[in-house]
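Subject: A structure to look through

Hello,

I am passing on the structure we talked about, so that you can open it while you read. My notes on what I found follow below.

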Amino acid sequence: MAEQPKSKRRNTREELIKEGIEEINRHGVAGFSMRRIAQNCGVSCGAPYKHFGDRKEFIAAIIEYVNAQWHTQQAKILQTWEGNTRQQIIEVSVAYVRFLQENPHLRAILTLKDEEFDNVYHKMRGEMSSPTQQMIQRYCQEHQIDEQVRQRKVYVIRALLFGAALQFDNGELPYNEQTLGMVRDSIERELDLP
């Protein structure tokens, strides 16, 4: 059998990860079935074990994949606004809300709650929002803002992001440019407060 050109080769690992995301969306972590994922991808039931070893490694790979999707987008924003910490905070924050809304299949991974996995993967999930905390820290240092105020700013901005995403999800707010503008304005207002 002739070998397929690289561009036509099947990326089984990535297919398994994407189907794994859908599996978590449909069945949660408790119902996560590597056998069902393999079946949905049209591969042998041993294929996931070849790529990930076990269930925990598979879920770790899914979380890493989601993180990579966000980090690629975030890196572009940070580069565009290099040297302007305030604008980086604003643009990354609004983009994060947009990312959560426009990728509901990935959002399920970020909000994953399961006792078996929380201790192991809590840090990995947190990596998606930690750059925002670091930017706020840098912003506060640049403006000689004390630690107590910095903590409030981190809390308020993160609450704005997750609160907006939740309200969009629940239909309490329409997801559109106007409401994203409200998120932007609220973040700017928080950064302006002493």
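Let me begin with helix α4, which covers residues 55-80. It has 26 residues and reaches 38 Å from its first C-alpha to its last, close to the 38 Å expected at 1.5 Å a residue. Please keep in mind throughout that this is a predicted model.

The N-terminal end of α4 is capped by D54, with a side-chain oxygen 3.2 Å from the backbone nitrogen of K56. If you colour the buried residues of this helix, you will pick out F58, I59, A60, A61, I62, I63, Y65, V66, N67, W70, Q74 and I77.

Now for the chain as a whole. There are ten helices and zero strands in it, so to speak a run of α-α-α-α-α-α-α-α-α-α along the sequence. Of its 194 residues, 42% count as buried. Among contacts with a separation of 6 or more, 68% are accounted for by residues 24 or more positions apart.

**Helix α10 and its partner α5**

Helix α10 takes in residues 177-192. It has 16 residues and spans 22 Å between its first and last C-alpha, close to the 22 Å expected at 1.5 Å a residue. Like α4, it has a cap at its N-terminal end. Here the cap is N176, where a side-chain oxygen lies 3.0 Å from the backbone nitrogen of Q178.

Which residues of α10 are buried? They are T179, L180, G181, V183, I187, E190 and L191, and the buried residues of α10 pack against α5, α8 and α9.

The packing with α5 (residues 85-102) can be described further: the two helices meet at an angle of about 145 degrees, with their axes 10 Å apart. Their crossing is right-handed. On the α5 side, the residues in contact are R86, Q87, I89, I90, E91, S93, V94, V97 and R98. On the α10 side, they are E177, L180, V183, R184, I187, E188, L191 and D192. By class, this contact of α5 with α10 has eight nonpolar, two polar and seven charged residues.

**Buried residues in α8 and α9**

M135 is a good residue to click on in helix α8. Is M135 buried or exposed? M135 counts as buried because its relative accessibility is 3%, and the cut-off for that class is under 20%. Leaving aside neighbours within four places in sequence, M135 is in contact with L78, T85, Q88, I89 and V92. One of these, Q88, is 47 residues away from M135 in sequence, while the two C-alpha atoms are 7.6 Å apart in space.

Helix α9 holds two residues that I would like to show you, R150 and K153. With a relative accessible area of 14%, R150 is buried. Its side chain is joined to that of Q137 by a polar contact of 2.8 Å. Not counting neighbours within four places in sequence, R150 is in contact with I136, Q137, C140 and I145.

K153 is buried as well, with a relative accessible area of 0%. Where does a polar atom of the K153 side chain lie 2.5 Å from a backbone oxygen? That backbone oxygen belongs to E190, a residue listed among the buried ones of α10. K153 also touches I136, C140, I145, L191 and L193, besides E190 itself, when residues up to four places away in sequence are not counted.

**A loop residue and a residue in α1**

Between α8 (130-142) and α9 (147-170) there is a loop, and Q144 is found in it. Most residues other than glycine have a negative phi. Q144 has a positive phi of about 50 degrees, although it is not a glycine. Why does Q144 count as exposed? Its relative accessibility is 70%, and exposed means over 50%.

Lastly, R26 is found in helix α1, which covers residues 12-27. R26 counts as partly exposed, at 45% relative accessibility. Its contacts, leaving aside neighbours within four places in sequence, are with E19 and N40.

If you want a route through the model, I would start at the contact of α5 with α10, then go to K153 and E190, and end at Q144 in its loop.

Best wishes

Definitions and conventions:
Residues are numbered from 1 along each chain as its sequence is written. This is a predicted model: local features need pLDDT of at least 70, side-chain atom pairs count only at pLDDT 80 or more; totals for chains, interfaces and linings use all residues. Side-chain values use heavy atoms; hydrogens and water are left out. Axes are lines fitted to C-alpha atoms, for helices over the stretch in contact, and angles run from 0 to 180 degrees between N-to-C directions. Helices (H or I, at least four residues) and strands (E, at least two) are DSSP runs, numbered from the N terminus. A crossing is left-handed if the near helix is turned anticlockwise from the far one by less than a right angle, and right-handed if clockwise. Contact means heavy atoms within 4.5 Å. Ala, Val, Leu, Ile, Met, Phe, Trp, Tyr, Cys and Pro count as nonpolar, Asp, Glu, Lys and Arg as charged, and the others, Gly among them, as polar. Buried means under 20% relative accessible area, exposed over 50%, partly exposed in between (1.4 Å probe, protein chains only). The expected span of a helix is 1.5 Å times one less than its number of residues. A polar contact is a pair of N or O atoms within 3.5 Å; within protein, one must be able to donate a hydrogen and the other to accept it, and residues adjacent in sequence count only if both atoms are side-chain atoms.
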